[in-house]
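Me: I'm new to this one and would like a close look at a single part, set against the rest of the chain. Please pick a spot and walk me through it slowly.

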Amino acid sequence: MPKTIILAVLSILLVGSIIVQPDASFQASLQGLTVWWNIVFPGLLPFLVLYEIMLAFGLAHAIGTTLQPLMQRALGLPGEAALALVFGWAGGYPAGSEAVASLRKRELLDRAQGQRLLSFAHMPNPLFMLVVIGAGFLHKPIAGMMIAAAVWVSALWLLLMTSIFRQRKQTPAAKDQTRPVGWLSAFAHGLQAGREQDGRSFGKVLGDAVSGSVQKLMVVGGFMIFAAVLAKLSEPLLAPLQKKGFSFIGAAFFESHLGSYAAAIWNAPGGSAAFGCAVIAAILAWSGLAGILQTGYAIAGTDLKMLPFVAHRLNHALHAFLLTLLLWRPLSWLAGKLAPEGGFPVMLSGHYYTSAIDVSMPMTALTASDLPVLWLYSVASAAIVFAVMLILYAFIPGKSGPARIHR
């Protein structure tokens, strides 16, 4: 009863605030809608649709069976977890949370594995970090790369520490898992098992994937607009902090995209570029109230809990902040060697720029077609990641035996 009363009072106060400040509420909701429609929707829709298709046609099972030795020995997770990590890190939140929830509902993960994977698959969109923040907001692509490196490395560090210090409890069935003869054989067995388990036609799979993904993204957009309005209406409550120079704090707490923009244009009293980028990295790792609510919606219907997830977000934000400050000097030295003119080349609206320093892209003007293009670096990064995966897989020892398919 007390919780119901508190929520009812807060709802009434929120409605009253919107009535008193309709112009501010409308502008805030429009800003949230702009970010969702121009960045989040086109960035996430292909990943969500593709993931559902991969699940239906057995590709998730095939990849999971192939990567089983690597994931089990390195992280103590089933092979299918690799796909959730890839989609979460490549698509941004809540793509990773959706993938983890889908694996948990299919009982491909137990509760402890799902809880751990949920924390590490929830990552900001690399397009937003590398392109929008680096080349658009800060006009320095190398700054976006530093922020992305801090967010990713801190997540990998926490994942490694969790894997080392976690209590390794394996059932006899888990200990009996063996590596199939050849990765092609493992891939084929997993593909067949996953396809037989689903059984839908391609047209049915595509229709279900598109309709389900659009529905999920509509909910995500609602969360983002709601969080943007809350951030605007909470400004009077945060006035003491804003008077001390922390003008970004409200937007950062409620919505990471708007918070990152507010931190990018923030003039910190006596602050340095390293400190500003560290704040942005912490905001992205935190993901904002909107990102947390999106994860809560994604895991609805499972036994995964939100409290450990929120605790990990705070821990990740702290590590990302500290790691940005730690890596700033060596990465700045490396950037000076790679780009002496002060900025990497970009393409914007069909025009080539030798440096991104003069490229301006305010939040209100963001469109998918106007995003600076760093495709050369994206292709190189993808090639490096693929090569590292092949090397790691080649050096994972395993025994020969029949293929084990995890359902």
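Reply: Let's start at Ser-287, which counts as buried because its relative accessibility is 0%. Keep in mind that you're looking at a predicted model. Ser-287 sits in the loop between α16 (273-286) and α17 (288-298). The backbone is worth a glance here too: phi of Ser-287 is near 75 degrees, and that's a positive value in a residue other than glycine.

There's a good partner to hold up against that serine. Glu-107 also has a positive phi without being a glycine, this time near 60 degrees. Its loop is the one between α6 (95-105) and α7 (111-121). The surroundings are another matter: Glu-107 has a relative accessible area of 61%, so it counts as exposed, while Ser-287, at 0%, is buried.

Now follow the chain on from Ser-287. After α17 comes a loop leading to α18 (307-338), and Asp-303 is in that loop. Asp-303 makes a salt bridge with Arg-104, where the closest N and O atoms are 2.8 Å apart. Arg-104 belongs to helix α6, so this pair ties together parts of the chain that are 199 residues apart in sequence. How covered are the two partners? Asp-303 is partly exposed, at 28% relative accessibility, and Arg-104 is buried, at 17%. The cut-off for buried is under 20%, which is why 17% puts Arg-104 on the buried side.

Helix α6 has another link of this kind. Glu-98 and Lys-216 meet through their side chains in a salt bridge, at 3.2 Å from N to O. Since Lys-216 is in helix α12 (residues 202-233) and Glu-98 is in α6, the bridge connects parts 118 residues apart in sequence. Here again one end is buried: Glu-98 has 11% relative accessibility, whereas Lys-216, at 22%, counts as partly exposed.

Stay with α12 for a moment. Lys-204 and Asp-208 both lie in that helix, 4 residues apart, which is about one turn. They form a salt bridge as well, with the closest N and O atoms 3.5 Å apart. Neither end is buried: Lys-204 is partly exposed at 46%, and Asp-208 is partly exposed at 30%. Arg-200 comes into the picture too, since Arg-200, Lys-204 and Asp-208 are linked in a network of salt bridges. The structure holds 4 salt bridges in total.

Charged pairs are one kind of contact; helices packing on each other are another. Have a look at α8 (residues 126-137) and α9 (residues 141-165). Their axes are 7 Å apart and the helices pack at an angle of about 145 degrees, with α8 passing α9 in a right-handed crossing. On the α8 side, the residues that meet α9 are Pro-126, Met-129, Leu-130, Ile-133, Gly-134 and Ala-135. Among those they meet in α9 are Pro-141, Met-145, Val-151 and Trp-152.

One more residue of α8 deserves a stop, and that's Leu-127. Leu-127 is partly exposed, with 34% relative accessibility. Leu-127 and Gly-91 are 36 residues apart in sequence, while their C-alpha atoms are 8.5 Å apart in space.

Then there's the surface toward the start of the chain. Leu-10 is in helix α1 (residues 2-20) and is partly exposed, at 49% relative accessibility. Leu-10 joins Ile-5, Ile-6, Val-9 and Leu-13 in a nonpolar surface patch, and together they have about 470 Å² of accessible area.

Finally, step back to see the whole thing. The protein chain has 19 helices and 2 strands. Of its 407 residues, 47% are buried, and Ser-287 is one of the buried ones. The chain exposes about 20,000 Å², with carbon and sulfur atoms supplying 70% of that area. As for contacts between residues at least 6 apart in sequence, 76% join residues at least 24 apart. You've already met two long links in sequence: Asp-303 with Arg-104, 199 residues apart, and Lys-216 with Glu-98, 118 residues apart.

Methods:
Residues numbered from 1 in each chain as written. Predicted model: local features only at pLDDT ≥ 70, side-chain atom pairs only at ≥ 80, totals over all residues. Heavy atoms only, no water. Patch = residues over 30% accessible without salt bridge, like charges linked within 9 Å, V, L, I, M, F, W, Y side chains within 5 Å. Areas by Shrake-Rupley, 256 points an atom, 1.4 Å probe, with all protein chains shown as cover. Buried < 20%, exposed > 50% of the residue type's maximum accessible area, 1.4 Å probe, protein only. Contact = heavy atoms within 4.5 Å. Axes fitted to C-alpha atoms, helices over the stretch in contact; angles between N-to-C directions. Left-handed = near helix turned anticlockwise from the far one by under 90°.
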